[in-house]
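Colleague: I'm new to this structure and would love a close look at just one part of it. Could you take me through the sheet, and tell me how it sits within the chain?

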Amino acid sequence: VEVAASFGRQIPKEDANPIELFFLSQVYPKEGKTLTHKNLKGGDPSEIVLLSNVCSAIKKSIWKKFSFNEEIIMSEDQEIAKRILEAGYKIVYEPTAAVYHSHNYNLKTLFRRYFDSGESISTIVKTEINPLKSIKYTIKLVSSTIKFIQKTNTKRKLYWTIYSILYNTTKILAFICGTKSKHIPKPLLNKLSLTRHLLSTSTR
């Protein structure tokens, strides 16, 4: 089966907080992998990144055939990856191709960013988010982040432990709210979104 695209590892910058350090270590590990249509199981956006344009390459012939969907607010890399995999191609994650990339979001920006993510992913996978699974995932994420913080040499461990609970809960709640964006009035929607104003063709 032809490899259609590849993407690399994201290494946190020197100023990255411990929450971001843990997140990137989980999403972009040191081990490589090859993705196929089998990785589309369940449409759960919390379990896998199919492609990341932070560091990626797509074959020219594949790009001409698929190209980005410019009607979604973000996660265009996930959307095109889904179509590529559904068509029977492979995508390779190659960790030796790496870039420095990380974000220290405050809670407001975090909410707005993951609100947009929730809206986009729900459009891409076209599945309802299961509240029970979301709660279980949040508990697992919070627990794993806390364990990571306790094992590091991070200063102010108590602060980061408490903040990680608030941070990850905000992230998941924002994502869930984003999946329900079609039920939210436009004036409020624009305030909740971080990137909606960039969509000049948006009629919402």
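Modeller: Happy to! Let's begin with the whole chain: buried residues account for 40% of its 204 residues. Please keep in mind that this is a predicted model. The protein chain holds 7 helices and 4 strands, and reading from the N terminus, its elements follow the pattern β-α-β-β-α-α-β-α-α-α-α.

Now to the sheet itself. It is an open sheet of 4 strands, arranged in the order E2-E4-E1-E3, and its pairing is mixed. Strand E2 (33-35) and strand E3 (56-58) are the edge strands; each has a single partner strand, so one side of each lacks a neighbour in the sheet. Going from one strand to the next, the twist averages 30 degrees. As background, strands of a sheet pair through backbone hydrogen bonds, in either a parallel or an antiparallel way.

Let's zoom in on the E2 edge. Strand E2 and strand E4 (residues 90-100) run antiparallel and are joined by 3 bridges. You can find one of the partners by looking at Leu35, whose bridge partner in E4 is Ile91.

The sheet also has a helix against it. Helix H3 (residues 76-86) lies across strand E1 (3-11), E2, E3 and E4, and runs at about 145 degrees to E4.

Stepping back to the full chain, take the contacts between residues at least 6 apart in sequence: 77% of them join residues at least 24 apart. As for the outside, the protein chain exposes about 11,900 Å², with carbon and sulfur atoms supplying 57% of that area.

How values were computed: Residues are numbered from 1 along each chain as its sequence is written. This is a predicted model: local features need pLDDT of at least 70, side-chain atom pairs count only at pLDDT 80 or more; totals for chains, interfaces and linings use all residues. Side-chain values use heavy atoms; hydrogens and water are left out. Two strands pair if DSSP finds at least two bridges between them. Helices (H or I, at least four residues) and strands (E, at least two) are DSSP runs, numbered from the N terminus. Axes are lines fitted to C-alpha atoms, for helices over the stretch in contact, and angles run from 0 to 180 degrees between N-to-C directions. Contact means heavy atoms within 4.5 Å. Buried means under 20% relative accessible area, exposed over 50%, partly exposed in between (1.4 Å probe, protein chains only). Accessible areas come from the Shrake-Rupley method with a 1.4 Å probe; for residues, only the protein chains shown count as cover.
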